[in-house]
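Take a look at this protein chain with me. We'll go through some charged pairs, a sheet and the greasy middle, one piece at a time.

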Amino acid sequence: MKTRRVSHLIATVVVAVSMASLTSAAVASDIEISLEVKSAKQRVSANRTEEAPSPQKAAARPVFTGKAGEDLVVSWKVTNVGKQDTFKDVLIHCVVVAEKEPGQATVPDLKDAVQESALTMDFAPGGSATGEFSLSIDQPGAYLVRVETLNMRDAHGHEHYAALDLVRK
């Protein structure tokens with residue numbers, strides 16, 4: 001009886017460790033994106049790179065809360081952390097757009113973006129790009145700040161993004 005329980009326990013542990021390995025491998029990415037919003041008083045970062053499409057639910061986004069009209073600096077970095085593949089003609093898109101509420105699951109319509117920028121480049125292994133801009137939003141409300149890759153899905157199977165919510169009071 002003890003042998004059966006020990007075998008069952010060992011099998012359960014092996015399955016759990018295997019699932020953890022598969023989960024971390026599924027989340028691993030060749031592209032890493034970091035995003036930061038800062039003011040004179042605080043700094044909030046989003047350092048988790050999400051993939052789209054993904055069977056996994058996206059993690060909760062960090063939230064930067066501050067006063068409407070406060071001067072902000074938004075900075076981001078995109079890096080090819082892979083060892084072999086060069087990604088050609090990757091469009092890096094950065095957008096700040098009003099959303100209905102912080103944590104909104106769907107990306108809002110981008111036609112009324114508060115701030116939007118983009119660049120296209122090749123990412124060799126270890127290659128990176130950075131961007132920074134000043135921002136002041138006078139209108140109270142919730143805003144999505146998102147940096148994403150575009151043009152990778154056909155060759156790579158998915159896009160990458162990092163995002164945070166900006167709440168102006």
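## A hidden aspartate

Aspartate 165 is buried, with a relative accessible area of just 1%; buried means under 20% relative accessible area, exposed over 50%, and partly exposed in between, using a 1.4 Å probe and protein chains only. The side chain of aspartate 165 forms a salt bridge with arginine 61, at 3.0 Å from N to O. A salt bridge here is a side-chain nitrogen of Lys or Arg within 4 Å of a carboxyl oxygen of Asp or Glu. Where do the two partners sit along the chain? Aspartate 165 is in strand S10 (residues 159–168), while arginine 61 is in the loop between strand S3 (50–52) and strand S4 (63–66), so the pair links distant parts of the chain, 104 residues apart. Strands are DSSP runs (E, at least two residues), numbered from the N terminus. Arginine 61 counts as partly exposed, at 21% relative accessibility.

Before going on, keep in mind that this is a predicted model: local features need pLDDT of at least 70, side-chain atom pairs count only at pLDDT 80 or more, and totals for chains, interfaces and linings use all residues. Residues are numbered from 1 along each chain as its sequence is written, and side-chain values use heavy atoms, with hydrogens and water left out.

## More charged pairs

How many salt bridges does the structure hold? There are eight. Arg61 and Asp165 also belong to a network of salt bridges that takes in Glu99.

Another pair is glutamate 148 with arginine 146, whose side chains meet at 2.8 Å, N to O. Here glutamate 148 is buried at 11% relative accessibility, and arginine 146 is buried too, with 12%. Arginine 43 and glutamate 36 make a salt bridge as well, at 3.3 Å, N to O. In that pair arginine 43 is exposed, at 55% relative accessibility, whereas glutamate 36 is buried, at 16%.

## An open sheet

Four strands line up in an open sheet in the order S2-S1-S5-S8, with antiparallel pairing. Two strands pair if DSSP finds at least two bridges between them. Why does one side of S2 and of S8 lack a neighbour in the sheet? Both strands stand at the edges and have a single partner strand each, so one side of each is left free of a sheet neighbour.

S1 and S2 are joined by four bridges. As one example, valine 37 has valine 44 in S2 as its bridge partner.

## The nonpolar middle

The largest nonpolar core has 28 residues, and Leu35, Trp76 and Val147 are among those with the most contacts inside it. A nonpolar core is a set of buried Ala, Val, Leu, Ile, Met, Phe, Trp, Tyr and Cys residues joined through side-chain atoms within 4.5 Å. S6 gives the largest share of this core, five residues. There is also a second, separate core of five residues, including Val97, Leu144, Tyr161 and Ala163.

Leucine 35 has plenty to touch: leaving aside neighbours within four places in sequence, its contacts (heavy atoms within 4.5 Å) include Val44, Trp76, Val147 and Leu164.

## A proline in a loop

Proline 108 sits in the loop between strand S6 (87–99) and strand S7 (115–123). Is proline 108 buried or exposed? Proline 108 counts as buried, at 10% relative accessibility. Beyond its neighbours within four places in sequence, proline 108 is in contact with Val97, Ala98, Glu99 and Leu144. Proline 108 and tyrosine 143 are 35 residues apart in sequence and 9.3 Å apart in space, C-alpha to C-alpha.
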